[in-house]
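Hi everyone, thanks for coming. Let's have a look at this one together and talk about its cysteines and a hairpin.

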Amino acid sequence: DINRAFGIDGDHGFFRELAIRPGTHKVCVYSISVDEAGIADGANRLIRCLTVTITDTSFPRGTLDWATRSGDDVTVSGWAYDLDSQTSPVDIEITVDGALKKTISADGARADINKILMVNGDHGFKQTFSVTAGSHQVCAYTVDVNPNGSNGSAKQLLGCNNL
């Protein structure tokens, strides 16, 4: 749509998930202006600010930071945590082409997430597994954790990569 509107080619969109503590926050997006040599020139411009409210009774949240492939091996990495059980690890379901490949736990150290969310605990995950030859879609989902610590039936998509 951007290419059509401006008669240009290239990639001009963006998508980014952020770790945010419960509460009401002002989230702003700025463009980063660069000169012809690709060096930031300090003329950054505000694109838009929004006020968002995160409740403390929401699904587990997190993101699939990346999924990469080397031959027949795929490595996924990301983080997840549940506001109902902030120090307990969240189970992550990894799917390949829509079929469950494996269930892992977001129980790895992620000091960056602890600092942002002001929580303790281990919320990261990283896993390597094999796939067959050809292209595949790899997705990660959280498994909802009930307030009593048991797994619920709801799942939330953290992200997908086509490899």
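Before we start, one term: buried means under 20% relative accessible area, exposed means over 50%, and partly exposed is what lies in between. Also, keep in mind that this is a predicted model.

Okay, disulfides. A disulfide is a covalent bond between the sulfur atoms of two cysteines. The count here comes to two disulfides.

Let's take Cys 28 and Cys 49, whose sulfur atoms sit 2.0 Å apart. Cys 28 belongs to strand β1 and Cys 49 to strand β2, 21 residues apart, so this pair links distant parts of the chain. The link is right-handed, with 110° about the S-S bond. Are these two cysteines buried or exposed? Well, Cys 49 has a relative accessible area of 26%, so Cys 49 is partly exposed. Cys 28 comes out at 32%, so Cys 28 is partly exposed too.

Now for Cys 139 and Cys 160, which also form a disulfide, with 2.0 Å between the sulfur atoms. Cys 139 is in strand β8 and Cys 160 in strand β9, again 21 residues apart. This link is right-handed, at 110° about the S-S bond. Cys 139 has just 4% relative accessible area, so Cys 139 is buried. Cys 160, at 33%, is partly exposed.

If you number the bonded cysteines in sequence order, the pairing reads 1-2, 3-4.

Last stop, the hairpin. Strands β3 and β4 pair in the antiparallel sense over nine bridges, and Thr 63 stands opposite Trp 79 in β4. Two residues lie between the strands, and Gly 71 in this hairpin takes a positive phi near 65°.

Note on methods
Residues numbered from 1 in each chain as written. Predicted model: local features only at pLDDT ≥ 70, side-chain atom pairs only at ≥ 80, totals over all residues. Heavy atoms only, no water. Pairing = 2+ DSSP bridges. Helix = DSSP H or I, 4+ residues; strand = E, 2+ residues; numbered from the N terminus. Disulfide = S-S within 2.5 Å. Buried < 20%, exposed > 50% of the residue type's maximum accessible area, 1.4 Å probe, protein only.
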